[in-house]
Amino acid sequence: MHHRSFRPLLALGLAAALAGGAQAHGPTRQKVVEKVTIEAPAAAVWDKLKNFDALQQWHPAVAASPASQGNTVGSVRTIALKGGGEIVETLESYSDEGRKYSYRAKDGGALPVSNYTSTIQVSPEGDSKSVVEWRGAFYRAFPGNDPPADKNDEAALKAVTGVYQSGLANLKKMAEGR
């Protein structure tokens with residue numbers, strides 16, 4: 001009697017295990033961390049990037065970046081890119097003392113990413129140098145399996161790395177007065 005009621009459960013469990021193994025898993029979270037050392041005091045570097053609505057003042061790809069509530073948590077920044085396209089980001093945390101802020105974008109907009117979170121921070125390295133670290137975590141834009149080439153993990157990593165590197169290189173140039 002016990003064997004009869006047990007067999008359907010065993011068959012069901014085996015079917016579920018096989019079905020689970022046959023499915024490819026979805027996208028994995030990607031990370032990018034870029035750092036630059038700048039020959040300028042941390043306070044001077046922070047002054048250039050501390051305003052959530054000032055991205056266009058130091059990032060070469062940004063035409064405008066107005067923010068709804070300035071540096072207040074919950075402020076929404078709409079970034080207009082010089083080549084067209086936009087990205088909408090929400091300020092999640094802000095620390096003037098810690099010289100850092102974090103923000104999020106549900107939809108990558110012009111970037112091939114989704115569920116994007118990022119933090120930028122300026123740290124002193126002695127009195128006359130500073131290190132700026134820009135880090136992000138995100139998923140590719142295409143949520144399913146077999147993403148097209150412009151929305152896969154490589155495209156997402158390349159796009160975010162490019163944004164960070166070009167922004168930090170320009171910030172360094174400006175802060176060092178070159």
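Which strands does helix α4 (residues 153–175) lie across, and at about what angle does α4 run to β1? In this predicted model, helix α4 lies across β1, β6 and β7, and its direction is at about 15 degrees to that of β1.

## The sheet

Seven strands make up an open sheet, and their order across it is β1-β7-β6-β5-β4-β3-β2. The pairing is antiparallel. The edge positions belong to β1 (30–38) and β2 (62–64); each has a single partner strand, so one side of each is left without a neighbour in the sheet. On average, with direction ignored, neighbouring strands of this sheet are turned by 30 degrees against each other.

## Strands β3, β4 and β5

Strand β3 (residues 76–81) and strand β4 (residues 86–95) run antiparallel and are joined by five bridges. Two residue pairs show the register of β3 against β4: I79 has I87 as its bridge partner in β4, and V76 has T90 as its bridge partner in β4. The hairpin of β3 and β4 has four residues between the strands, and G84 in this hairpin takes a positive phi near 100 degrees.

Strand β4 is also joined to β5 by five bridges, and β4 and β5 run antiparallel. Here S93 has S102 as its bridge partner in β5. The hairpin of β4 and β5 has four residues between the strands, and in this hairpin R99 takes a positive phi near 50 degrees.

A side-chain pair also links β4 and β5. E92 and R104 meet in a salt bridge, at 3.2 Å from N to O. E92 lies in strand β4 and R104 in strand β5, so this salt bridge ties together parts that are 12 residues apart in sequence. Both ends count as partly exposed: E92 has a relative accessibility of 41%, and R104 has one of 31%.

## Helix α2 on the sheet

Helix α2 (residues 42–49) lies across β1, β4, β5 (100–107), β6 (113–124) and β7 (130–140). Its direction is at about 150 degrees to that of β6.

D47 forms a salt bridge with K50, and the closest N and O atoms of this pair are 3.3 Å apart. D47 counts as partly exposed at 48% relative accessibility, and K50 is likewise partly exposed, with a relative accessible area of 24%.

## Other salt bridges

How many salt bridges does a search of the whole structure find? The search finds eight. One of them is between the side chains of K129 and E39, at 3.8 Å from N to O. This pair links distant parts of the chain, with K129 in the loop between β6 and β7 and E39 in the loop between β1 and α2, 90 residues apart. K129 is partly exposed, with a relative accessible area of 30%; E39 is also partly exposed, at 44%.

K35, E133 and R135 are joined into one network by salt bridges that share partners.

## Helix α4 and its ends

Helix α4 has 23 residues. From the first C-alpha of α4 to the last, the helix reaches 33 Å, close to the 33 Å expected at 1.5 Å a residue.

Is N152 buried or exposed? At 15% relative accessibility, N152 counts as buried, because the cut-off for buried is under 20% relative accessible area. N152 lies in the loop between β7 and α4 and caps the N-terminal end of α4, with a side-chain oxygen 3.2 Å from the backbone nitrogen of E154. Apart from its neighbours within four places in sequence, N152 is in contact with R140 and P147. Beyond the other end of the helix, α4 is followed by G177, whose phi is positive, near 65 degrees.

## The buried side of α4

The buried residues of α4 are D153, A155, A156, V160, Y164, G167, L168, N170, L171 and A175. An α-helix has 3.6 residues a turn, so residues three or four places apart point the same way. Steps of this kind can be followed through the list, which includes A156, V160, Y164, L168 and L171.

What do the buried residues of α4 pack against? They pack against β1, α2, α3 (55–58), β6 and β7. Of these elements, β1, β6 and β7 are also the strands that α4 lies across.

Definitions and conventions:
Residues numbered from 1 in each chain as written. Predicted model: local features only at pLDDT ≥ 70, side-chain atom pairs only at ≥ 80, totals over all residues. Heavy atoms only, no water. Pairing = 2+ DSSP bridges. Axes fitted to C-alpha atoms, helices over the stretch in contact; angles between N-to-C directions. Contact = heavy atoms within 4.5 Å. Salt bridge = Lys/Arg side-chain N within 4 Å of Asp/Glu carboxyl O. Buried < 20%, exposed > 50% of the residue type's maximum accessible area, 1.4 Å probe, protein only. Expected span 1.5 Å × (residues − 1). Polar contact = N/O pair within 3.5 Å; in protein donor to acceptor, adjacent residues only side chain to side chain.
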